[in-house]
Amino acid sequence: MSTDQQTGHATEAGAPFDGRAAIEALMVAPGPPALGSAYQAMTEELRGFLDVLAGAAIDTEHAARLRAQLAQMTSRLRGLEVGEPQRLWGHWTDRPGRGQALIPSYDVPKGSLEASATVTFGRFHVGENMAVHGGAISMLFDDLLGWLLARSDLPPSRTAFLTTNFRAVTPVGVELTVHARITHVEGRKRFLAAELRHGDTVCADAEGLWVELRPGQP
Ligand SMILES: CCCCCCCCCC(=O)SCCNC(=O)CCNC(=O)[C@H](O)C(C)(C)COP(=O)(O)OP(=O)(O)OC[C@H]1O[C@@H](n2cnc3c(N)ncnc32)[C@H](O)[C@@H]1OP(=O)(O)O
């Protein structure tokens, strides 16, 4: 057994990284519940920080002070860096948001072919003119549909394509509804669709293909 230098995953000597096994391993919480609660609270605080920072008009002195504080935190964390399978970020698969701040938190039930959830974008995700950035919306769809599949009984898969249509401006700071569904499965191919609404207004929708990973496929 050796360690993949890039990902930190344990591999049989000379064997390639196995993406399917890595996704399956993620279905177990990476630590005890107390750490999960603390980590989830920390990522929620981070989301709040990024939203306030993205909306704040700070002065030069404030920016310099913040930079110094962030640099201090970064250097404290440097010594704690681990490989991909050991990291905690995004791996709290037993909790809404999974302990990450890339996209807003949402929750979908396990084992279903479709799900609805609520989600609120903050100012960190603003593109311009108080509209949510289109890339953030696509990222939400990719994550949500991938997560719906990960929580289904189907074997692990990966996004092959994702097409997003932006139908109306997506507002920031208000609760939105998102609906995701697995529309059909053909062999290794899973076709999915999603819709993001603000009240009765469809803000965006998406269609995508996920392809089941073969055992041993990266
Ligand atoms: C804890 C979990 C957290 C979940 C939430 C997080 C979600 C985040 C999700 C991601 O960000 S995933 C990262 C973004 N995606 C990638 O990096 C994928 C990169 N691409 C690949 O790895 C491969 O291209 C892929 C696995 C998708 C497919 O390669 P394969 O070699 O397995 O597919 P193959 O060529 O055997 O094709 C299988 C079928 O799919 C079809 N196909 C593959 N790619 C396609 C494509 N792009 N468009 C249309 N069809 C496609 C292909 O034509 C064929 O159809 P048929 O069986 O009918 O002949």
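Helices (H or I, at least four residues) and strands (E, at least two) are DSSP runs, numbered from the N terminus. Here they are read from a predicted model, where local features need pLDDT of at least 70, side-chain atom pairs count only at pLDDT 80 or more, and totals for chains, interfaces and linings use all residues. Residues are numbered from 1 along each chain as its sequence is written, and side-chain values use heavy atoms, with hydrogens and water left out.

A good place to start is the stretch from 132 to 201, which UniProt lists as "domain: Thioesterase" in an unreviewed entry; such annotations may be inferred rather than shown by experiment. Over residues 132-201 the chain is 46% strand and 24% helix, with its end C-alpha atoms 15 Å apart.

Next comes the ligand. It has 18 residues around it (a heavy atom within 4 Å), and Asp 142, Thr 159, Arg 188, Lys 189 and Gln 217 come nearest. At least two residues of this shell come from each of helix H4 (134-150), strand E4 (157-166) and strand E7 (201-212). Sorted by class, the shell holds 8 nonpolar, 7 charged and 3 polar residues, where Ala, Val, Leu, Ile, Met, Phe, Trp, Tyr, Cys and Pro count as nonpolar, Asp, Glu, Lys and Arg as charged, and the others, Gly among them, as polar.

Some polar contacts (N or O pairs within 3.5 Å) can be picked out. The side chain of Asp 142 has an N or O atom 3.0 Å from an oxygen atom of the ligand. For Thr 159, a polar backbone atom is 3.1 Å from a ligand nitrogen, and for Ala 160 a backbone N or O atom lies 3.4 Å from a nitrogen of the ligand. Taken alone, the ligand exposes 1200 Å², and the protein buries 51% of that (Shrake-Rupley method, 1.4 Å probe).

Then there are the pockets: open sets of points on a 1 Å grid over the protein atoms alone, where a 1.4 Å probe fits, with protein on both sides within 12 Å along at least five of seven lines; lining residues have an atom within 4 Å of a point. The largest pocket has a volume of about 1000 Å³, the space filled by probe spheres set on the points. Its lining counts 36 residues, with Ile 23, Leu 26, Glu 84, His 91 and Arg 98 nearest the centre. H4 gives the largest share of that lining, 7 residues.

The second largest pocket comes to about 820 Å³. Among its 17 lining residues, Tyr 39, Met 42, Met 73, Leu 77 and Trp 89 are closest to the centre.

Definitions and conventions: A polar contact is a pair of N or O atoms within 3.5 Å; within protein, one must be able to donate a hydrogen and the other to accept it, and residues adjacent in sequence count only if both atoms are side-chain atoms.
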